[in-house]
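Q: Please take a close look at one part of this structure, a strand and the sheet around it, and explain what lies beside what. I am new to this structure, so please go step by step and say what each term means.

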Number of protein chains: 2
Amino acid sequence: MAGGEFDLIYRHLGIFGAGSQVRLGVGDDAAVLALPANSELVVSSDSVVEGTHFPEFTLPEHVATRAVAAAASDLAAMAAEPLAMTLALTLPEPDELWLHSFSQGLGRCVEALSLPLVGGDLTRGPLSVTVTVMGSVPTGRALVRSGAKPGDWLCVTHTLGDAAAGLALIMGQLQSDYEVAAEDEEFLETRFYQPTARLEWVSWLREHARSAIDISDGLLVDVAHMADASGCACIIDSGALPLSPALSRLDANLRLDLALAGGDDYELAVAVPPKTELPPGLVQVGEFHEGSGVQCDYIPAKRVGFDHFGA
Amino acid sequence: MAGGEFDLIYRHLGIFGAGSQVRLGVGDDAAVLALPANSELVVSSDSVVEGTHFPEFTLPEHVATRAVAAAASDLAAMAAEPLAMTLALTLPEPDELWLHSFSQGLGRCVEALSLPLVGGDLTRGPLSVTVTVMGSVPTGRALVRSGAKPGDWLCVTHTLGDAAAGLALIMGQLQSDYEVAAEDEEFLETRFYQPTARLEWVSWLREHARSAIDISDGLLVDVAHMADASGCACIIDSGALPLSPALSRLDANLRLDLALAGGDDYELAVAVPPKTELPPGLVQVGEFHEGSGVQCDYIPAKRVGFDHFGA
């Protein structure tokens, strides 16, 4: 990185690079990190692109929050402890105000998720953000998609469909048909703009879960990935889906569609052995069976999640 | 990742994911990698954007080569052994032909650099590629920018300025003033389109070097980073710069400018103790001194390298 570019990114983002496992952060050719003893590295990269993943008028701090959540929820789904992240930011032009707001959102993520920012690349171009997250698991203990067994319960970590409803509201796709109270609108839009990667579940998952996936494309689609990888079928009970009060006040068919097929919540879908004692917050919504495919209330589920290039 | 997107990236890029340290590659929420014992993780992310880092008509296989070289040369500069990479690819539309050509270039990099591809994200948007490379160094042995000492020699790993000359030719900025032979043009353009990260130097650097940086923004700019970080001055001898035969046939002033300030070669600038026995390929081009700043032939060097957002 050359002088001006480096100064710009370092000034705004260099303060987020400290952490007990960071041997060398932003400012050299690469970062150097120490992993805990007897552990393996877990790594995932995710991009968010303006106009594809968030509307053009999204506040920069929310761009940061969504970009980090999209990547960090993959760590949670692998039951990995957070280690650090790098950020590749493409901006149409150097914009101090934009970077200031972006860094506010980023700083909150760094702190809340214990993910120090150890590398950054700033380039000129259409707005997009790629976050690479790194974490660690004790050797051999990563929670993969293929671990579910017939009889296992399917659980989720929080209410579903809120972010998709929020996005529909933001895009003006709901107001004409539905009266949505101002506080419900605020709640739902916040769930879209400020998702939380569920890293607080990592220790519990390591102890109890057989498989997990983050719900980025919708429950049906993501559970289908888990069921396929595990060689199982899964039956979801629509009546068991946890819905927020705000979502519950929408039309019954709409809220069910949103909860089943709405992406962007970044909650976790988790397979646990039957009769596992579930802690508060984790809700059983289905069960794995012999066979293949995902059904909701015994009706075969179409794969209706968001697919960037069509199915 | 949803069905179609996942299929597309897996079909084209999933074959590059094998490696002795890869416990889990493309296809789960995240990849899992094993580091060698007593080592630290080295990580760097770099983006290349169409229109900023490469012309619009660049062949997809060359987009891949440049994107990987830009990131992987950072591993070389840290004296890190390659471990794996992830790729975040943003494409305007799903394009099987484009992906086929891109994967050809990527496959050659994976093999040549021993960098298996363990994660991929495919999104829709203006063309850009972010590569995150991971490597390992024995604990405490990363080669940082701040290690040069007064008296150390400044060396480079190969001829300089070729890629910048190649880009100028590609952009039609040289033809009118200079007669360039067809084979020279081909050589120079290939140096731009197909740079090589100098990972073959890693073992030698670990044994002998005090500091290194990859030359992505031009020798003067990048050596200035090294000198600043090391608290030294550096004097470059223009007569010692290794020039390719093709570059040598250009005008004397032009070739010197290109060798001093042209980026994109991804060669390494290396500080070694004085009187180090240099292996073939490594050429001394200057010396570190007490003081600060970089001079060429005792003339203070302006910082003229490529800076994405101006200096």
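A: **A strand and its sheet**

Strand S3 (residues 39–49) of chain B and S6(B) are antiparallel partners, joined over eleven bridges. This is a predicted model, in which local features need pLDDT of at least 70 and side-chain atom pairs count only at pLDDT 80 or more, while totals for chains, interfaces and linings use all residues. Residues are numbered from 1 along each chain as its sequence is written, and chains are lettered from A and ligands numbered from 1 in the order in which they are written. Strands (E, at least two residues) and helices (H or I, at least four) are DSSP runs, numbered from the N terminus, and two strands pair if DSSP finds at least two bridges between them.

One place to look along the pairing with S3(B) is Ser45(B), which stands opposite Thr132(B) in S6(B). S6(B) also pairs with S4(B): strand S6 covers residues 128–138 of chain B, and nine bridges hold the two strands in the antiparallel sense. Two of the facing positions can be picked out here, for Leu87(B) has Val131(B) of S6(B) opposite it, and Thr90(B) stands opposite Ser128(B) in S6(B). The strand S6(B) is mostly covered, as ten of its eleven residues are buried; a residue is called buried if 20 or more other C-beta atoms, placed from the backbone, lie within 10 Å of its own, exposed if 12 or fewer do, and partly exposed in between.

The next step leads from S4(B) to S5(B). Strand S4 takes in residues 81–91 of chain B, and its pairing with S5(B) is parallel, over seven bridges. Thr90(B), already met opposite Ser128(B) in S6(B), has Thr123(B) as its bridge partner in S5(B). The connection from S4(B) to S5(B) passes through helix H3 (residues 96–113) of chain B, and this β-α-β crossover is right-handed, a term used if, with the strands pointing away from the viewer, the path from the first strand over the helix to the second runs clockwise. Strand S5 of chain B spans residues 117–124, and seven of its eight residues are buried, so this strand is largely enclosed by the rest of the structure.

These pairings can now be placed in the whole sheet. Six strands make up an open sheet with mixed pairing, and their order is S1(A)-S2(A)-S3(B)-S6(B)-S4(B)-S5(B). At the edges stand strand S1 (22–24) of chain A and S5 of chain B; each has a single partner strand, so one side of each is left without a neighbour in the sheet. From one strand to the next the twist averages 20°, with axes taken as lines fitted to C-alpha atoms, for helices over the stretch in contact, and angles running from 0 to 180 degrees between N-to-C directions.

What of the remaining strands of chain B? There is another open, mixed sheet of six strands, in the order S5(A)-S4(A)-S6(A)-S3(A)-S2(B)-S1(B). Its edge strands are strand S5 (117–124) of chain A and strand S1 (22–24) of chain B, and each of these pairs on one side only. With direction ignored, neighbouring strands of this sheet are turned by 20° against each other on average. At the chain B end, S1(B) and strand S2 (residues 31–33) of chain B run antiparallel and are joined by two bridges, with Leu24(B) standing opposite Val32(B) in S2(B).

The wider setting can be described for chain A, which is divided into domain 1 (3–138) and domain 2 (145–300), with bounds that come from an automatic or database domain assignment. In chain A, 26 Å separate the C-alpha centres of domain 1 and domain 2. Their contact takes 17 residues from domain 1 of chain A and 20 residues from domain 2 of chain A, where two residues are in contact if their C-beta atoms, placed from the backbone, lie within 7 Å. On the side of domain 1 that touches domain 2 of chain A, the elements that give two or more residues are helix H2 (60–77) and strand S4 (81–91) of chain A, and H2(A) gives the most, with eleven residues.
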